Amino acid sequence: MAFEEERPRPKPAAHVIGQDLSVLSLDELAERTVMLREEIARIEAAMASKRASAAAADAVFRL
């Protein structure tokens, strides 16, 4: 196809730990850092929720 070269390349859905970063542009690297920071915040929120649930369960069973 003549127009195949003009199509933007698809962006990967997620970052793969250890992948070759030399093929990514500065904008792509910046997008990855934002995505990873958001994912870290999401993981930390899930951990906090699980800690709260565990603490509540411990409090009930200590009675």
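Colleague: How many salt bridges does a search of the whole structure find?
Modeller: In this predicted model, a search of the whole structure finds one salt bridge, and the side chains that meet in it are those of Arg42 and Glu39.

Colleague: What makes the contact of Arg42 and Glu39 a salt bridge?
Modeller: The N to O distance between the two side chains is 2.7 Å, and the cut-off for an Arg nitrogen and a Glu carboxyl oxygen is within 4 Å, so the pair qualifies as a salt bridge.

Colleague: Where do Arg42 and Glu39 lie with respect to each other in helix α1?
Modeller: Because they are three residues apart in helix α1, which covers residues 26–61, Arg42 and Glu39 are separated by about one helical turn.

Colleague: Why is Arg42 called exposed, and what is Glu39 called?
Modeller: Arg42 has 56% relative accessibility, and exposed means over 50%, so Arg42 counts as exposed; Glu39, with a relative accessible area of 32%, falls between the limits of 20% and 50% and is therefore partly exposed.

Colleague: How do you know that Arg32, which lies in helix α1, has no salt bridge?
Modeller: The nearest side chain of opposite charge, Glu28, is 6.1 Å away from Arg32, whereas a salt bridge has to be within 4 Å, so Arg32, although buried, has none.

Colleague: What does the side chain of Arg32 make with the side chain of Gln19?
Modeller: The two side chains make a polar contact at 3.0 Å, a value that satisfies the cut-off of within 3.5 Å.

Colleague: What share of the residues of the protein count as buried?
Modeller: Of its 63 residues, 5% count as buried, and Arg32 is one of the buried residues.

Methods:
Residues are numbered from 1 along each chain as its sequence is written. This is a predicted model: local features need pLDDT of at least 70, side-chain atom pairs count only at pLDDT 80 or more; totals for chains, interfaces and linings use all residues. Side-chain values use heavy atoms; hydrogens and water are left out. Buried means under 20% relative accessible area, exposed over 50%, partly exposed in between (1.4 Å probe, protein chains only). Helices (H or I, at least four residues) and strands (E, at least two) are DSSP runs, numbered from the N terminus. Lys and Arg count as positive and Asp and Glu as negative; His and the chain ends are not counted. A polar contact is a pair of N or O atoms within 3.5 Å; within protein, one must be able to donate a hydrogen and the other to accept it, and residues adjacent in sequence count only if both atoms are side-chain atoms.
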